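Thanks for passing this one along. Here are my notes, set out as numbered points that you can follow with the structure open.

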There are 2 protein chains.
Amino acid sequence: MVKQSAVDRVFHALADSTRRALVERLSQGPASVTNLAKPLDMTLAAVVQHLQVLEQSGVIRTEKVGRVRTCRIEPEGLKVAERWIVERRALWERRLDRLGDILAEEEAPKPREANKDKEK
Amino acid sequence: MVKQSAVDRVFHALADSTRRALVERLSQGPASVTNLAKPLDMTLAAVVQHLQVLEQSGVIRTEKVGRVRTCRIEPEGLKVAERWIVERRALWERRLDRLGDILAEEEAPKPREANKDKEK
DNA sequence: TCAAAACTCAAGTGTCCACTTGACTATCAG
DNA sequence: CTGATAGTCAAGTGGACACTTGAGTTTTGA
């Protein structure tokens, strides 16, 4: 056991296309396990296993009433992944902005590189 | 060959913690393969394989000059994943809003918000 | 009361994939 | 030229994981 972080679990959960299909279905509204399994070409047991992965990653929440387990989206789960992506992209874009500023202000830093003079 | 979609490739790429570490490093700025490999506890060859996955998924872009291959973030790649998540979340939240409206109409009393102890 | 519905659980199987090893190529510095 | 640096390529290995099968449990409707 290698101590998985929340980010780890969420991205692993979303890496499988069947699980993403389940999330897509659930974002239209809650559903039972059998219902979720219907359009999928695999056994109920397999679907249950996927749902367990999704639940442990915090992407969905399930609740059993009688013999029916109802599954629904847990928005905080997806936010974990979204946040990670947005932060990386923000860093990168901020860096590009700074770089743009620097290039706009200065000229070539070293005369060694000033070989390919076409303009100026 | 099972015809992978872009979403498929991106989420698969981000599912690995080493690859996410590479993306994190690259969001501070471009780097060479050797440089990226330095802090990681694995062989150069392994890192190259990870970088190939990232490149094929569109998350990074690489360019070889002389004997050095320089890697950098390709923001459009991350956007594919981000978009998928945002869309699902939007759907779900819109649904919750509509549901809220309906409940507010049918059952006026009880302005209390939901909490999480609905068990027996 | 009983059968069907809706899961649940455990074990087994095949496949994918992260990572290594070792041999090779290309570029650069002295 | 020579050795070092930076990466490339192909094959192999072990473990994780998606999925099945089959047998069991609980709930429910007639």
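1. What should the 13 residues of helix H4 (residues 44–56) of chain B span at 1.5 Å a residue, and how far apart are its end C-alpha atoms? The expected span is 18 Å, and the end C-alpha atoms of H4(B) are 18 Å apart, which agrees. Please keep in mind throughout that this is a predicted model. Just after H4(B) comes Gly58(B), with a positive phi of about 85 degrees.

2. Now to the sheet of chain A. Three strands make an open sheet in the order E1-E3-E2, and the pairing is antiparallel. Strand E1 (31–32) and strand E2 (60–65) of chain A are the edge strands; each has a single partner strand, so one side of each is left without a neighbour in the sheet. As a reminder, strands of a sheet pair through backbone hydrogen bonds, either parallel or antiparallel.

3. The pairing of E2(A) with strand E3 (residues 68–73) of chain A is worth tracing by eye. Six bridges join these two strands in the antiparallel sense. Val65(A) has Val68(A) of E3(A) as its bridge partner, and Glu63(A) is bridged to Thr70(A) in E3(A). The two strands form a hairpin with two residues between them. In that turn, Gly66(A) has a positive phi of about 65 degrees.

4. Two helices of chain A lie on this sheet. Helix H2 (residues 17–26) of chain A lies across E1, E2 and E3 of that chain, at about 85 degrees to E3(A). Helix H4 (residues 44–56) of chain A lies across E2 and E3 of chain A, and runs at about 120 degrees to E2(A).

5. How do these two helices meet? The axes of H2(A) and H4(A) come within 10 Å and cross at roughly 75 degrees. Angles of 65 to 115 degrees count as roughly perpendicular, and H2(A) and H4(A) are therefore roughly perpendicular to each other. On the H2(A) side the contact is made by Thr18(A), Arg19(A), Leu22(A) and Val23(A), and on the H4(A) side by His50(A), Leu51(A), Val53(A) and Leu54(A). By class, the residues of this contact between H2(A) and H4(A) are five nonpolar, two polar and one charged.

6. The sheet of chain B deserves its own look. Here too there is an open sheet of three strands, ordered E1-E3-E2 with antiparallel pairing. Strand E1 (31–32) and strand E2 (60–65) of chain B stand at the edges with a single partner strand each, so one side of each lacks a neighbour in the sheet. E1(B) and E3(B) run antiparallel and are joined by two bridges. Ser32(B) stands opposite Thr70(B) of E3(B). H2(B) lies across E1, E2 and E3 of chain B, at about 85 degrees to E3(B). H4(B) packs on the sheet too, touching E2 and E3 of chain B, and its direction makes about 120 degrees with that of E2(B).

7. Next, the contact between the two protein chains. It takes 24 residues from chain B and 24 residues from chain A. On the side of chain B that touches chain A, helix H1 (6–14), helix H2 (17–26) and helix H5 (75–106) of chain B each supply at least two residues. H5(B) gives the largest share of that side, 12 residues. By class, the side of chain B that touches chain A has 12 nonpolar, five polar and seven charged residues.

8. Which residues come nearest to DNA strand C? Of the 21 residues around DNA strand C, they are Val33(A), Thr34(A), Met42(B), Ala46(B) and Gly66(B). Two or more residues of this surface come from each of helix H3 (33–37), H4 and E3 of chain A, together with H4 of chain B. H4(B) gives the most, with five residues. The surface near DNA strand C divides into nine nonpolar, seven polar and five charged residues.

9. Last, DNA strand D. It is surrounded by 22 residues, and the closest are Met42(A), Thr43(A), Ala46(A), Gly66(A) and Thr34(B). H4 of chain A, together with helix H3 (33–37), H4 and strand E3 (68–73) of chain B, each supply at least two residues of this surface. The largest share of the surface near DNA strand D, five residues, comes from H4(A). By class, that surface has nine nonpolar, eight polar and five charged residues.

Methods
Residues are numbered from 1 along each chain as its sequence is written. Chains are lettered from A and ligands numbered from 1 in the order in which they are written. This is a predicted model: local features need pLDDT of at least 70, side-chain atom pairs count only at pLDDT 80 or more; totals for chains, interfaces and linings use all residues. Two strands pair if DSSP finds at least two bridges between them. Helices (H or I, at least four residues) and strands (E, at least two) are DSSP runs, numbered from the N terminus. Two residues are in contact if their C-beta atoms, placed from the backbone, lie within 7 Å. Axes are lines fitted to C-alpha atoms, for helices over the stretch in contact, and angles run from 0 to 180 degrees between N-to-C directions. Ala, Val, Leu, Ile, Met, Phe, Trp, Tyr, Cys and Pro count as nonpolar, Asp, Glu, Lys and Arg as charged, and the others, Gly among them, as polar. The expected span of a helix is 1.5 Å times one less than its number of residues. A residue is near a molecule or strand if its C-beta atom, placed from the backbone, lies within 6 Å of it. Angles under 35 degrees count as roughly parallel, over 145 as roughly antiparallel, 65 to 115 as roughly perpendicular and the rest as oblique.
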